[in-house]
Amino acid sequence: MIWDPYYECMELEQRRELQLRRLREMVARLAVNVPWYQARFAQIDFHPEDLKSLEDLASLPFVSKVELRDNYPLELLACPASEVVRIHSSSGTTGRPIIAGYTAEDINTWAETIARTICCGGGTRHDILQVAYGYGLFTGGLGLHYGGERLGCMVIPMSAGNTARQLMMMRDLGTTILACTPSYALTLADALEEEGVSVEELKLRSGLFGAEPWSEGSRQAVESMLRLSAHDIYGLTEIIGPGVAGECEAKNGLHVFDDHFYPEIIDPDTGQVLPEGQRGELVFTSLTKRAFPLLRFRTRDISALHYEPCSCGRTHARMDRITGRTDDMLIIRGVNVFPSQIEEVLTAVEGVMPHYQLVVTREGRMDQLEVRVEVSADIFSDTVRGLEQVQAQIEEELHKVLGLHAKVSLVEPKSIERSIGKAKRIIDQREAG
Ligand code: ADP
Ligand code: ZN
């Protein structure tokens with residue numbers, strides 16, 4: 001089912017007209033209401049009426065996390081503070097949090113884009129949606145909650161954690177859609193046996209997993225363990241929260257709800273806009289946000305955009321699964337390494353579980369990368385020789401993909417700390433040592 005066919009299946013030309021109209025209104029509002037933007041526009045001698053086409057956007061400066069932090073907490077509000085009805089904050093994965101305000105209209109837009117996301121993932125008003133994203137300042141919980149209610153689902157506001165209770169509710173209420181981080185979905189799947197819940201007793205059919213990078217391998221693992229169809233969903237606090245983009249049943253990239261959030265891909269070094277299909281940093285411009293609209297926000301997330309129509313009938317731009325954020329990139333002996341590349345390799349090896357951690361140390365002047373990964377109980381109880389073979393195989397595969405040697409340590413099932421939200425994959429001990 002498509003939640004809002006008028007906007008979601010609009011002819012491309014018509015959508016571009018709508019985007020331009022909304023963009024011009026937005027920029028005019030920023031120029032009047034936000035002193036920081038006023039000063040910026042004056043610096044480059046830009047007047048909102050100069051904006052004649054969507055391409056003209058490329059001449060405007062970016063906003064980055066640094067500037068948002070400088071304007072902490074609410075300096076960039078584009079509406080009177082009395083119109084703000086809700087505050088959220090980024091989870092602070094990378095430093096000081098960013099505070100985002102929402103007007104009632106923003107909350108409404110958000111519920112709409114999440115309702116679209118749930119429908120993309122095969123949801124209808126008949127579904128029972130278990131929200132196991134954290135509730136609170138983090139956008140995941142309340143975002144999915146309001147969207148689920150908008151669609152008309154029965155929403156179970158579990159929040160993250162308390163795994164035994166999650167599984168009990170899932171079984172007893174007959175949850176059909178699970179929403180949480182992909183790493184927590186794996187944690188839940190892993191805990192089934194221990195909690196005495198059999199997957200046959202569950203009625204899950206769809207999963208809405210996002211808020212952190214994950215791989216095709218993890219998708220297959222969670223799909224087979226929980227017997228559901230796993231959909232990637234994407235969003236960020238600065239832009240609204242989850243509900244910026246989501247995968248439909250074609251799983252052919254994530255539909256970006258670009259009548260609200262206008263996407264561009266840029267070269268992170270030069271800032272140049274890149275053509276369709278090329279990988280680079282994702283940049284978003286708010287088209288409809290009232291309280292906290294951003295012009296050309298640099299997400300640091302790496303993706304690519306595609307515009308050919310999708311078999312589901314939606315005409316939005318589609319973005320590739322995020323392979324990592326530029327701030328997650330490790331530089332090991334001069335080689336760029338993303339955790340997602342390692343995850344792809346690990347999950348392709350039989351008996352290796354998608355639970356891993358990367359430990360970076362420095363010995364003398366040499367960076368060392370250690371990949372700690374869990375293996376199944378069968379493999380772990382194998383002979384020393386058997387273990388060495390698996391280890392050597394992974395090291396070889398990693399060498400092919402990364403072009404550098406990483407030390408692989410196979411660890412016992414469940415020995416790597418389980419996450420309830422975003423998994424912590426990297427332990428960088430270089431600064432300390
Ligand atoms: P923080 O930047 O503190 O983590 P948020 O909680 O707003 O703040 O998280 C947004 C970020 O989470 C995105 O910029 C992106 O890096 C990551 N993210 C969200 N959804 C996905 C996804 N489906 N795949 C990969 N990364 C994602
Ligand atoms: Zn589609």
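**Briefing: helix H10, the H2–H3 crossing and a pocket**

In helix H10, Pro339, Ser340, Ile342, Glu343, Val345, Leu346 and Thr347 are buried (under 20% relative accessible area, 1.4 Å probe, protein chains only). This is a predicted model: local features need pLDDT of at least 70, side-chain atom pairs count only at pLDDT 80 or more, and totals for chains, interfaces and linings use all residues. Residues are numbered from 1 along each chain as its sequence is written, and side-chain values use heavy atoms, without hydrogens and water.

**Helix H10**
- H10 spans residues 339–347; seven of its nine residues are buried, so the rest of the structure largely encloses this helix.
- Its cover includes helices H9 (216–226) and H12 (384–402), plus strands S17 (335–337), S18 (352–363), S19 (366–375) and S21 (426–428).

**H2 against H3**
- The axes of H2 (residues 12–33) and H3 (residues 35–43) come within 6 Å and cross at roughly 105°.
- H2 is therefore roughly perpendicular to H3 (65 to 115 degrees).
- H2 contributes Val27, Leu30, Ala31, Val32 and Asn33 to the contact (heavy atoms within 4.5 Å).
- H3 contributes Pro35, Tyr37, Gln38 and Phe41.
- By class, this contact of H2 with H3 has seven nonpolar, two polar and no charged residues.

**Second largest pocket**
- The second largest pocket has a volume of about 420 Å³.
- It is lined by 23 residues (an atom within 4 Å of a point on a 1 Å grid).
- Closest to its centre are Arg16, Glu55, Tyr262, Pro263 and Tyr307.
- H2 and strand S10 (261–266) each supply at least two residues of this lining.
- The lining has twelve nonpolar, five polar and six charged residues.

How values were computed:
Chains are lettered from A and ligands numbered from 1 in the order in which they are written. Axes are lines fitted to C-alpha atoms, for helices over the stretch in contact, and angles run from 0 to 180 degrees between N-to-C directions. Helices (H or I, at least four residues) and strands (E, at least two) are DSSP runs, numbered from the N terminus. Angles under 35 degrees count as roughly parallel, over 145 as roughly antiparallel, 65 to 115 as roughly perpendicular and the rest as oblique. Ala, Val, Leu, Ile, Met, Phe, Trp, Tyr, Cys and Pro count as nonpolar, Asp, Glu, Lys and Arg as charged, and the others, Gly among them, as polar. On a 1 Å grid over the protein atoms alone, a cavity is a set of points where a 1.4 Å probe fits but cannot get out, and a pocket is an open set with protein on both sides within 12 Å along at least five of seven lines; lining residues have an atom within 4 Å of a point. Grid points are joined across faces, edges and corners, and a volume is the space filled by probe spheres set on the points. Buried means under 20% relative accessible area, exposed over 50%, partly exposed in between (1.4 Å probe, protein chains only).
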